[in-house]
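Here is a quick walk through a two-chain model. Have the structure open while you read.

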Amino acid sequence: MADDPTRQLEERARAARAEFDAAVSAATDAAALQALRDRFVGRKAGLVTALMKDLGQLPAEARKAAGASLNALKQAIEGALEERQAALAAGEREARLQAERVDVTLPGRPIPQGGRHPLTTVREDLEDIFVAMGYEVYDGPEVEDDYHCFEALNMPADHPARDMQDTFYLEGPGGLLLRTHTSATQIRYMVENERPPEVRIICPGKVYRRDDDITHSPMFQQIEGLVVGKGITLGDLKGTIEVFLHRLFGPQYPVRFRHSYFPYTEPSVEADLGCINCGGSGCRICKQTGWLEILGSGMVNPAVFEAVNRRLGRNAYDPEQVTGFAFGLGIDRVAMLRYGIDHIRLLYQSDLRFLEQFPR
Amino acid sequence: MKAPISWLREYVDVPVEAEQLGQDLTKVGLELGGLERVGDDVVLDFEVTTNRVDCMNVVGLARETAVRYGKPLRRPAADVAESGAPASEVLSVAIDAPDLCPYFAARVLEVKIGPSPDWLRARLEAVGVRAINNLVDLTNYVMLETGQPSHAFDLERLPAPGLRARWAKPGEKLRTLDGVERELSAKNGLVAASDGTPLALAGVMGGGDSEVHDGTRLIALEAAYWNPLATRRSARSHSLHTEASHRFERGADPAATRFALDRIAHLVVKLGIGSVRPGIVTAGAIPAARHVVYHPQRTNRLLGVRVPEGEHRRVLVGLGFGVEGGGGSWGVSVPTWRGDVGSEIDVVEEVARHFGVDNVPATTPPASRPGRLRDDARFARRVRELLAGAGLHEVISLSMVSDAAQRGVADARVRLANPLSEEGDALRASVAFPGLVQALQLNQRQGRRDVRLFEVGAAFLPAADGGRPREVRRVALLVSGPDPQARWSGRREGADFAELKGLVDGLVESLGAPAPTWEAEGAPGFLHPGQSARLRLGDAAIGWAGALHPDVAAGFDLRDAACLAELDLAPLLAARAAVRFAPLPKFPAVSRDLSVVCPPGLSAAGLESIIRGAAGPTLRHVAFVDRYAGPQVKAGHVSLTLSLRFSDPDRTLVGDEVQRALEAAVQALAAAGAEVRGVA
C-alpha cells in the first residue's frame with residue numbers, strides 16, 4: 001500500500017502544508033510572501049499546483065475526494081498569505097505612524113498675542129451691563145467749561161466742594177478746563193437731549209484732577225449714569241445699583257447704602273459692596289471695615305434741572321414733575337479690585353510686564 | 001471730627017456701644033473714619049461732609065445721635081453768675097463791614113491764667129488739640145463742643161478799649177499767632193482795635209500783639225459770625241487753613257456766638273479761673289431763621305415709599321427745625337446752625353436720612369427705550385479687538401504731554417495754564433507721538449526689544465475760533481524690535497515699514513473701509529523722510545505712518561528702530577461700505593506671474609496702475625509676491641514679481657485674450673522704462 005498513488009499524494013500534500021505553515025510565519029516582507037506564493041500556489045512551479053496536476057494519475061473513485069482536499073489546501077494557503085500580508089501592512093503603517101510621532105509638549109507656532117487694556121475690558125463690561133438694562137452710552141468731551149463741570153452741578157465759584165476736585169485749566173480766555181468728573185457729561189446730554197425729560201444714559205470717560213502722588217493719577221476714568229423721568233425714585237436708584245453691582249461682581253456680595261453729600265444730588269447716597277477680597281471679615285483692601293466704597297449716587301438736585309432749564313430757556317425738566325437719579329464710579333477702582341492691582345499708576349505707565357498679564 | 005464717646009454721652013443717652021454708634025451714624029451720612037480706644041474711653045473719628053459743619057462739634061454729633069435713637073438731647077450748661085462792673089464800661093464793639101460780619105459779640109472776663117485741669121487737658125489731647133493755658137484751652141474746648149470759634153484778647157494790651165470788624169486796607173500789616181508778619185489785602189477781614197489797629201485775621205487766626213499770656217488779667221472774649229465766602233477768600237489769600245476758618249468757611253451758627261460766650265463764662269466760674277463781668281456787648285443782629293415750605297408728599301414721592309406723617313415731624317423737630325401747620329403743606333423754620341438748608345429738597349434729605357435708605361424698597365424703573373452703544377463706540381471696540389488680535393497691546397497714556405516734546409507735531413497746540421510739571425504742560429496733539437514713543441522707551445529700558453503697542457484716544461487740536469479744542473478720536477500704532485511670532489519660522493529681522501503698512505492696511509480692510517492711499521510726501525517731520533507716508537481716503541488726509549526719524553530716535557535713546565502710525569477714526573467709520581455678496585465665479589480664472597525690473601522713481605503703485613491700464617478689465621487682481629534688489633539688477637533698480645489673475649464673469653477667457661493683455665502690459669511697462677524679465 002506504500003506505493004498507493006492516493007496515499008502518496010496525501011503524503012506530499014501534508015508535507016507541503018507543514019512546510020508552508022513553518023515558512024509563512026517567518027515571512028516578514030512582501031518579497032518573502034511572493035516567494036511563498038510562487039513556491040506553493042504559483043501557476044508554473046507551485047507545489048500545490050503540481051499536486052493538482054497529478055490528480056489525473058489517481059483512480060477515478062479517489063480523484064474527487066483528493067481534489068476537494070487539495071482545493072481546500074490551496075485556499076488555506078492563499079488565505080494565510082493574505083492574512084499575513086495584511087498583518088505586515090498593518091505593522092508597516094504602525095511603524096510609519098510611530099516614526100511620525102511629535103513631541104506634544106513642545107510649544108506651538110505662536111499666533112499673535114496682543115491684548116486690550118484692563119481698563120478697556122472693565123469699561124466694556126460696565127457698558128454691556130447698562131446697555132442690557134436699556135441705557136444709551138454717551139460720550140462727552142474731556143475739555144469742558146465751568147458751566148458744565150461745576151456751575152450747573154450746583155457748585156458755584158468758591159464752593160467748598162471744588163476743593164476736592166483741584167482742576168486743570170487751559171491757557172487762554174474762556175475758562176476752559178479738563179473735566180474733573182464725568183458728571184459734566186450728564187449736563188451736556190440734558191442740554192442736547194432731543195426727547196426731554198426722558199434720560200437713561202451712562203457716560204464713561206477720562207477725567208482729570210491736579211493730584212499726582214502714589215495713590216492718585218492726574219488722569220483716571222469714571223463712568224457716570226443718569227436716569228430722568230416722571231416718577232423716578234430713590235427705590236429705583238437702589239434697585240438699579242444693586243442689580244448692576246451684582247452683575248458686575250456677583251450676587252454673593254451684599255450692597256450697603258448710606259447717606260452722603262454731593263452738591264448735585266439730594267438726597268445723596270453712597271453704595272458699599274461687601275469686600276470681594278476678604279468676604280467682609282476685614283482686610284487691607286477694605287481697611288478692616290468689610291466694606292468697599294464703590295459708588296456715589298443720589299437723586300438729581302432740582303437745582304441741576306433748573307440750571308439746565310435756564311440754559312435751554314424753557315422748562316424742559318420741570319422739577320415739580322420730573323425726578324431722576326445719578327451715580328458715578330471709578331473704572332480704575334473696579335479694575336483694581338477685580339484684578340488685585342495695588343497701584344493706580346501702573347494703569348497708565350504702558351509697561352508690557354503689566355499689560356501682558358491681561359489676556360484679551 | 002474726633003469725638004470721645006464719653007463727651008457725647010454728656011448730651012445724649014447712647015443706647016449702643018461705640019462701634020455700633022459709628023456704624024449707625026455712618027448710615028445717616030456721618031461716615032466713621034476711625035475708632036481709637038484711649039484709656040476707658042473710645043474716640044470716634046467721623047468724616048464730616050463739607051455741607052455739615054454743624055456736625056463739626058460734639059453737640060451736633062449728639063443731636064444726630066439723639067434723632068437716630070429717638071432720645072432727648074441735653075444742651076451744655078451755660079448759666080452765668082456775673083459780677084463786678086458791666087462789661088460795656090470797659091469794652092465797646094462795632095461793625096464797619098456788615099458784608100464781612102453780620103453779628104459781633106463779646107464778654108469781659110477777669111481771669112488768672114494757669115494750666116487747665118487734668119480732665120480738660122486729657123479731653124483736648126484725646127481729640128488731637130494741644131493744651132496751652134486754661135483760658136485758651138476753654139475757647140478750644142467750647143469750639144469743639146458747640147462749633148463756635150472764639151478769640152480771647154488781652155484787654156489791657158489793646159491800643160484802644162474797643163473791637164471792630166472791618167475790611168483790611170491793602171498794605172496793612174499784621175503779625176499772626178504763628179509768628180508770620182503778613183501783608184494784608186482788601187480780601188482780608190479784620191478784628192481791629194477801636195483806634196483801627198489790626199488785631200486778628202477775622203475768622204482765621206489771632207494776632208500776636210494782643211495774645212493772652214501768663215500775666216493777662218482782663219480778657220475781651222470775642223465770638224462773631226463771619227461771612228463764609230469772605231473767610232474762605234481771606235484764608236486762601238494767605239494759604240491758611242485753621243480749625244476756625246474751616247468752620248466759618250462752611251457756615252457757622254450765628255446764634256452759637258452768644259451761647260459759646262455764655263458756655264465759656266460758665267466754665268470760667270465753675271472751674272475757678274475767674275469772674276465774669278455782667279452783660280454781652282454786641283453789634284449787628286443774628287440773621288433771622290429761614291423758612292421753607294415743605295410737602296411731606298414730596299419726600300414720599302421721591303423715595304417711592306410712604307413715610308408716616310409722625311416720622312417726618314419727629315425727624316425735623318429732633319434736628320431742631322420748627323414745624324408749623326399740617327396736612328399737605330408745612331411751614332418749616334430752619335435752625336440757625338443749618339446754613340446748608342435753604343430749600344425744600346434740603347428738608348426732604350433730612351427726613352430721608354433719618355427715615356433711612358434701608359427702609360426704602362428697591363425697585364427698578366421700566367426701560368422706555370432699548371439700550372444702545374453708538375456706532376463710534378462700537379467701531380472703537382472693533383479697532384481694539386482687531387489690533388489686540390494682531391499682536392499689539394493696548395496702552396492708555398496720559399493726555400498731558402510735554403509741549404516741547406510735541407513741537408514737531410502741530411503748529412498750534414493746547415497748553416495748560418496750571419500744569420503739574422513741564423512734562424505735562426500741554427494736551428497731546430497726537431496720540432502716537434510722543435506718547436507711544438515714550439512707552440517704547442520705557443519698555444526698552446527694561447530690556448524689552450519686541451514692542452508692539454496701540455492706543456485709541458483723543459488728540460486735542462486748538463479750535464480756530466479759540467473755543468473748546470477739537471477732540472479728534474484716533475488710533476495710534478507702534479511696532480519695534482523683532483517680531484516675536486517669527487521665531488519659529490526663523491525670521492528675526494526687526495519691525496520695519498512693511499510690517500507697519502501691513503498692520504495699517506489690514507486694520508482698515510477688516511474695518512470695512514476702502515484702502516487708503518499712501519503718499520510719500522507730507523508726513524510729519526519726526527518721521528524718516530524716506531520711510532514715511534501721508535494717508536488719504538479720497539480727498540481727506542486721515543493720518544500718517546512711517547519709521548521714526550533716526551535723529552528723533554537718538555533723542556529718545558532708542559535701541560531699536562520704531563515704526564508708528566496714526567489714523568483718524570471718524571473718516572474710516574464714515575467710509576465703511578455695506579457688504580454685498582458677489583456671485584461666485586462661474587468661469588475659471590487664468591493666473592500669470594510677471595517679473596519686472598523697475599527703474600528708480602517708478603513706485604509699486606505706479607507699476608500697478610500701468611499694468612491695469614494696459615491689460616484692461618479682464619485683469620481682476622494684482623498681487624505683489626516678491627521683491628528683489630541686489631547684484632542681479634542695476635543699482636537703484638528693483639525687481640518685483642506680481643501675480644496677475646484674469647477672469648470674466650460671463651465667459652471663459654481664451655488663451656489669446658490673456659496673452660494679448662499681457663503683451664499690452666509688457667509694452668506699456670517698457671515705455672515707462674520697466675523691463676519684463678519673465679512671464680510664467
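The notes below go through the chain interface, two sheets and one helix pair.

## Where the chains meet

This is a predicted model, so the weaker stretches are left out of the local details. Starting with the interface, 75 residues of chain A are in contact with 77 residues of chain B. On the chain A side, the elements that each supply at least two residues are α5 (118-132), β1 (136-137), β4 (199-208), β5 (219-229), α8 (234-249), β6 (255-262), β7 (265-274) and α11 (352-355).

Which element of chain A gives the largest share of that side? That would be α8(A), with eight residues. As for chemistry, the chain A side that touches chain B is a mix of 34 nonpolar, 18 polar and 23 charged residues.

## The seven-stranded sheet of chain A

Several of those interface strands also turn up in an open sheet of chain A, with seven strands in the order β1-β4-β5-β9-β8-β7-β6 and mixed pairing. β1 and β6 of chain A are the edge strands, each pairing on one side only. At the β1 end, β1(A) runs parallel to β4(A), and two bridges join them. Glu136(A) has Ile201(A) in β4(A) as its bridge partner.

Over at the β6 end, β6(A) and β7(A) make a hairpin with two residues between them. Their pairing is antiparallel, over seven bridges, and His259(A) sits opposite Val269(A) of β7(A). On to the next neighbour: β7(A) pairs with β8 (residues 291-300) of chain A in the antiparallel sense too, over eight bridges. Here Ala271(A) has Leu295(A) of β8(A) as its bridge partner. Is β7(A) largely enclosed or open to the outside? Nine of its ten residues are buried, so β7(A) is largely enclosed by the rest of the structure.

## Helices across that sheet

Two helices of chain A are worth a look here. One is α7 (residues 183-192), lying across β4, β5 and β9 (323-330) of chain A and running at about 135 degrees to β4(A). The other is α8(A), lying across β6, β7, β8 and β9 of chain A at about 145 degrees to β8(A). Remember that α8(A) is also the source of the largest share of the chain A side that touches chain B.

## Chain B, domain by domain

Chain B is divided into domain 1 (2-69), domain 2 (87-284), domain 3 (291-357), domain 4 (375-415 + 423-575) and domain 5 (590-679). The C-alpha centres of domain 3 and domain 4 of chain B are 58 Å apart.

Zoom in on a helix pair: α10 (residues 309-318) and α11 (residues 344-355) of chain B pack with their axes 9 Å apart, at an angle of about 105 degrees. That makes α10(B) roughly perpendicular to α11(B). Glu311(B), His312(B), Val315(B) and Leu316(B) of α10(B) make the contact with Glu350(B), Val351(B), His354(B) and Phe355(B) of α11(B). The residues of this contact split into four nonpolar, two polar and two charged.

## The four-stranded sheet of chain B

Further along chain B, four strands form an open antiparallel sheet in the order β30-β31-β29-β32. Its edges are β30 (619-628) and β32 (675-679), each pairing on one side only, and the twist averages 25 degrees from one strand to the next.

Inside the sheet, nine bridges join β29 (residues 590-598) to β31 (residues 638-646) of chain B. Ser595(B) has Thr641(B) in β31(B) as its bridge partner. Helix α17 (residues 604-615) of chain B lies across β29, β30 and β31, running at about 145 degrees to β30(B).

Key. Residues are numbered from 1 along each chain as its sequence is written. Chains are lettered from A and ligands numbered from 1 in the order in which they are written. This is a predicted model: local features need pLDDT of at least 70, side-chain atom pairs count only at pLDDT 80 or more; totals for chains, interfaces and linings use all residues. Two residues are in contact if their C-beta atoms, placed from the backbone, lie within 7 Å. Ala, Val, Leu, Ile, Met, Phe, Trp, Tyr, Cys and Pro count as nonpolar, Asp, Glu, Lys and Arg as charged, and the others, Gly among them, as polar. A residue is buried if 20 or more other C-beta atoms lie within 10 Å of its own, exposed if 12 or fewer, and partly exposed in between; C-beta atoms are placed from the backbone. Two strands pair if DSSP finds at least two bridges between them. Axes are lines fitted to C-alpha atoms, for helices over the stretch in contact, and angles run from 0 to 180 degrees between N-to-C directions. Domain bounds come from an automatic or database domain assignment. Angles under 35 degrees count as roughly parallel, over 145 as roughly antiparallel, 65 to 115 as roughly perpendicular and the rest as oblique.
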